[in-house]
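Notebook open, coffee poured. I'm going through this one element by element and jotting down what I look up.

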Amino acid sequence: MPRNDKSNIRGWLVILLIAFVFYSMYRMNPGGVQVRELTLLEFYDAVNAGRVVEPVTRVVDRDEGHTYLEGEIETDEKDEKGEPRLDKDGKPVRARYKVPLVPGENESLMQDLLDAKVRTEVKEVASAISPFMMQLIFFFGFLFVFYWLFYRRAAGNGGMFGFGKSRAKMLNGKEEKAKATFGDVAGIDEAKEEVQEIVEFLKEPSAFQRLGGRIPKGVLLVGPPGTGKTLLARAIAGEAKVPFFAISGSDFEEMFVGVGASRMRDMFAEAKKRAPCIIFIDEIDSIGMKRTGAGAIGGNHAYEQTLNTMLVEMDGFDANEGVIVIAATNRPDTLDSALLRPGRFDRQVVIDLPTLKGRREILELHGKKIKFAADADLDQIARGTPGFSGADLANLLNEAALMSVRKKLDAVDLKTLEEARDKVLWGRERKSTGYSDRDREITAWHEAGHALVQVRTPGTDPLHKVTIIPRGRALGATMSLPERDVLNHTKSYFLAELRVCCGGRIAEEMFTGDISTGAAQDIAQATHIAREMICRYGMSEKFGFQAFQEPSQFTGEPLAPQFSEETSRLIDEEVKKLVDEAYADAKSTIEANRGKLEILARELLEKETMDAAEVEAIVR
């Protein structure tokens, strides 16, 4: 019988047992209606007043061995006006009563009722089970329910007494979640080769051990978000015909100290029973951060216990053969050095953003379920999406498919693919945003200035399109797309980018006689580029081969300055010098092409969006 069916049967048995216990409690002490116990005098007064409702029942309880009268009487309750209180039917309010019959004291009560011509009846009650047996069943039933609810169930994962149990889910090749294979992973061929070696070892370990080699005990998958680390781990689970435990680093921690370490021990204990097997820990940086040391400010003793336990389990006194740990993180610089040493995570597999070839393979993989038009060129989309991760590319195709449905197209064409790419990069067009003709004119001059400087300045990224339709949070945008993967940027490239940043402010000031807030993002970007050139890349003639900006190993943000106030003042002066020079160069370019800029701005006001070919036809 399947495990789920057994669990359902046990659940129904527990429900029936609970129902039986409560029924027994009701039989032993029926509730719901309050019963008044009347004295003999009160009962005679009610009979004489005619408040006793017929019939009066004489009950003989064989289990308890006593006799009593029961029935209903009309109460003598009064309302606020002093009149008898009535129920919904307009009759006096009634109440249940009980009059014990004690031998030697009130045997004549039944005869008095007969003399008063009150109708009576006799009822005998007796249970099939003796009161002692009923109490015994109730007692043991209560113990069983308590054991089931508060021990057996609570001792499971996450239960009251099961905080230390592992929450890792075991998958195998037949599980739905583990059906991904290496064929479902594209764009990271080198990473696939390295992890495929592990799968082959698990299938045939003798081939690797023949020459004295050993498989790595741990593999760390490192890369930016969305590059396929978790997908690669799922592919390993689908390819390897061995048990596969999957868990997230955050699942180890709770509000109680020591729970994470206990769960770590329990997980490795379960894995050792099923060796050879694989343990996959996603987002391991949540438990593997560098230890701060005893008494350090901001130290977390709980997570350090979990980390220490993992270090011992992976490579301690006890042998841990046959258990391979695969972990994923996008913050390898935060991990403790003891975790990364040989014998624990022996191998680091870098899964970086895909190259042009990788992007093409990913688009083909995710595009298998999408119907493309004849002009849909995935090569062109791959060239125009440098810096996209696998998740970004999948999102791009999904957005294109949704757009095609909204447009009522039969297939996804190239125009829709490019529109989806622009939406992913810069946000969706907001054509419904209402802004004045003055704002449109300022935006047109601003974006025309950017576009002209970009086309006339060598070394910049190729222009993609320019628009004055609001997109995202911007009122307009000048879009550029590098057509190849760039690993290193030169000083001339940064200087060209500075000039392009300045072009918008210069154009709107030259032709409107005023400046606006539209250049805020350009100013911030230009300042950032200039400061990075000086403080990080050593591209300043004054400072030369020096770095004044060091990112934090935990957050990636720049640390507090480690230089004097005089150096800080000189850096500010150098930043201003770079920006001022770029501003002057951009201004001279715009002044030399003033007529072309006017034509470009007028075309933008008319067309709202222009592609690179249209802009270059005017500027060149």
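**Around β4.** I started with strand β1 (residues 35-37), which runs parallel to β4 and is joined to β4 by three bridges. I looked for the partner of Arg36 and found Tyr97 in β4. Worth writing down here: this is a predicted model.

Next I checked strand β3 (residues 66-74), which pairs with β4 over eight bridges, this time in the antiparallel sense. Glu72 stands opposite Arg96 of β4.

Which residues of β4 are on the covered face, and which on the uncovered one? For β4 (residues 94-101) I noted Ala95, Tyr97, Val99 and Leu101 as covered, with Arg94, Arg96, Lys98 and Pro100 on the uncovered face. I reminded myself that side chains in a regular strand alternate between the two faces of the sheet. So Tyr97, the partner of Arg36, belongs to the covered face, while Arg96, opposite Glu72, belongs to the uncovered one.

**Helix α11.** I pulled up the buried residues of α11 (residues 356-366): Gly358, Arg359, Ile362, Leu363 and Leu365. They sit on the same side of α11 because they span an arc of only 160° around the axis. I then asked what covers them, and the cover includes α12 (378-383) and α13 (390-406).

**The three-stranded sheet.** I moved on to an open sheet with the order β13-β12-β14 and antiparallel pairing. Its edge strands, β13 (477-480) and β14 (609-611), each pair on one side only. From one strand to the next I get an average twist of 15°.

Zooming in, I found four bridges between β12 (residues 463-467) and β13, running antiparallel. Thr467 stands opposite Ala477 in β13.

What packs on this sheet? Helix α19 (residues 594-607) does, touching β12 and β14, with its direction at about 120° to that of β14. Helix α20 (residues 612-619) lies across β12 and β14 too, running at about 80° to β14.

**α17 against α18.** Last entry. The axes of α17 (residues 520-535) and α18 (residues 565-592) come within 9 Å and cross at roughly 125°. The two helices are therefore oblique to each other. I logged the crossing of α17 past α18 as right-handed.

For the contacts, I listed Ala526, Thr527, Ala530, Arg531, Met533, Ile534 and Cys535 on the α17 side. They meet Ile571, Asp572, Glu574, Val575, Leu578 and Val579 in α18.

Methods. Residues numbered from 1 in each chain as written. Predicted model: local features only at pLDDT ≥ 70, side-chain atom pairs only at ≥ 80, totals over all residues. Heavy atoms only, no water. Buried < 20%, exposed > 50% of the residue type's maximum accessible area, 1.4 Å probe, protein only. Arc of directions from axis to C-beta. Contact = heavy atoms within 4.5 Å. Pairing = 2+ DSSP bridges. Axes fitted to C-alpha atoms, helices over the stretch in contact; angles between N-to-C directions. Parallel < 35°, antiparallel > 145°, perpendicular 65-115°, else oblique. Left-handed = near helix turned anticlockwise from the far one by under 90°.
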